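Subject: Handing over the structure

Hello,

Here is the structure I promised to pass on to you. Have a look at it first, and then read on for what I found.

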Amino acid sequence: MATLIAGSYDDWLVALSFAIAFVTAYTAIDLAGRVTANRGVHRLMWLSGGAFVVGSGIWCMHYTGTLAFRLPIPVYHPLPTVLLSLLGAILASYIAFLVVSRNRMTTHDLLAATRRLSAQQSELDREREMLRALLDNIPDLMYVKDTESRFVIANPQVAKVMGVSSAEDLMGKTVFDFLPGEPVRAAHEMEQKVIRSGHATFN
């Protein structure tokens, strides 16, 4: 028998993630000016400190957004991977400050930055494809809904239960659009309780 796993988002953590992103972006702009205005050891100090602050902000924003997604099962992040991602964010910030703090940006700098962004985007696309493949091939029902209980992510097993041909047919709709109201009302009320409380419930 398939196990129903419902995911939800903590609105406060999502908002916090956006707030961290805004503060980090403002800080990056301010620090870029300070790095450009200084020379010698002072420039190196602003460069290193700015890379650490902005990289930490990027890392913090990412993991805050990750924590905002709640599942009724334990989710672990290996410490070495977490620390490596922090180091990567700081290193990327250091390189970015080096590029933007120069007196002028050459075509080579622009191409190098474009290649780095393209490589990062390709890695993100690959991770999304792997996650999509996992969702599509596991036998359990996997879906994510917004605070109004509308589907935003679902796998083919959920689509089959709802009686539609593909998961895309579920997007933006609720279970009431596919099944009779009374039999699913109790499940809907439990789902709303989970969303409002922020505490996972095992079904």
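Below are my notes, going from the whole chain down to single residues.

First, please keep in mind that this is a predicted model. The mean pLDDT of the chain is 79, with 89% of its residues at 70 or more. Confidence varies along the chain: strand β1 (residues 4-9) has the lowest mean, 69, while helix α5 (residues 156-162) has the highest, 85.

**The chain as a whole**

The chain holds six helices and four strands. Read from the N terminus, these elements come in the order β-α-α-β-α-α-β-β-α-α. Of its 203 residues, 26% count as buried. If you take the contacts between residues at least 6 apart in sequence, 55% of them join residues at least 24 apart.

**Helix α1 and what it packs against**

A good place to begin is helix α1, which covers residues 11-37. At 1.5 Å a residue, its 27 residues should span 39 Å, and the end C-alpha atoms are 40 Å apart, which agrees. Which residues of α1 are buried? They are S17, I20, T24, L31, A32 and V35. The buried residues of this helix pack against α2 and α3.

Two of these residues show how that looks in detail. I20 lies in helix α1 and counts as buried because its relative accessibility is 16%, where the cut-off is under 20%. Not counting residues up to four places away in sequence, I20 touches G57, C60, M61 and T64. I20 and T64 are 44 residues apart along the chain, yet their C-alpha atoms are separated by 8.9 Å.

A32 is also found in helix α1, and A32 is buried too, with a relative accessible area of 16%. With neighbours within four places in sequence left aside, the contacts of A32 are F97 and V100. A32 and F97 are 65 residues apart along the chain, and 6.2 Å separates their C-alpha atoms.

**Helices α2 and α3**

S56 is located in helix α2 (residues 40-68). Is S56 buried or exposed? With a relative accessibility of 18%, S56 counts as buried. A polar atom of the S56 side chain lies 2.6 Å from the backbone oxygen of F52. Beyond its neighbours within four places in sequence, S56 is in contact with A51, L86 and I90.

L86 and I90 bring us to helix α3, where both are among the buried residues, along with V82, A89, S93, F97 and V99. Helix α3 (residues 79-100) has 22 residues and reaches 32 Å from its first C-alpha to its last, close to the 32 Å expected at 1.5 Å a residue. F97, one of the buried residues of α3, is the residue that A32 touches from α1.

**Aromatic rings**

How many aromatic pairs are there? The count comes to three. One of them is F18 with F22: the ring centres are 6.5 Å apart and the planes are at 35 degrees, so this pair is tilted. F18 and F22 are four residues apart in helix α1, which separates them by about one helical turn. An α-helix has 3.6 residues a turn, so residues three or four places apart point the same way. F18 counts as exposed at 52% relative accessibility, and F22 is exposed at 59%.

Another pair is Y143 with F151, where the centres are 5.6 Å apart and the planes at 75 degrees, so the pair is edge-to-face. Y143 and F151 are both buried. The ring of F151 has a further partner: the charged end of K145 sits over it, 4.6 Å from its centre.

**A loop residue to look at**

Lastly, turn to S149, in the loop between β3 (141-145) and β4 (151-154). Its phi is near 65 degrees, which is a positive value in a residue other than glycine. S149 counts as buried, because its relative accessibility is 1%.

I hope this helps you find your way around. Enjoy looking through it!

Best wishes

Notes: Residues are numbered from 1 along each chain as its sequence is written. This is a predicted model: local features need pLDDT of at least 70, side-chain atom pairs count only at pLDDT 80 or more; totals for chains, interfaces and linings use all residues. Side-chain values use heavy atoms; hydrogens and water are left out. Helices (H or I, at least four residues) and strands (E, at least two) are DSSP runs, numbered from the N terminus. Buried means under 20% relative accessible area, exposed over 50%, partly exposed in between (1.4 Å probe, protein chains only). A polar contact is a pair of N or O atoms within 3.5 Å; within protein, one must be able to donate a hydrogen and the other to accept it, and residues adjacent in sequence count only if both atoms are side-chain atoms. Contact means heavy atoms within 4.5 Å. Rings of Phe, Tyr and Trp (its six-membered ring) pair if their centres lie within 6.5 Å; planes under 30 degrees apart count as stacked, over 60 as edge-to-face and the rest as tilted. A charge sits over a ring if NZ of Lys or CZ of Arg is within 6 Å of the ring centre and within 35 degrees of the ring normal. pLDDT is the predictor's confidence in each residue, from 0 to 100. The expected span of a helix is 1.5 Å times one less than its number of residues.
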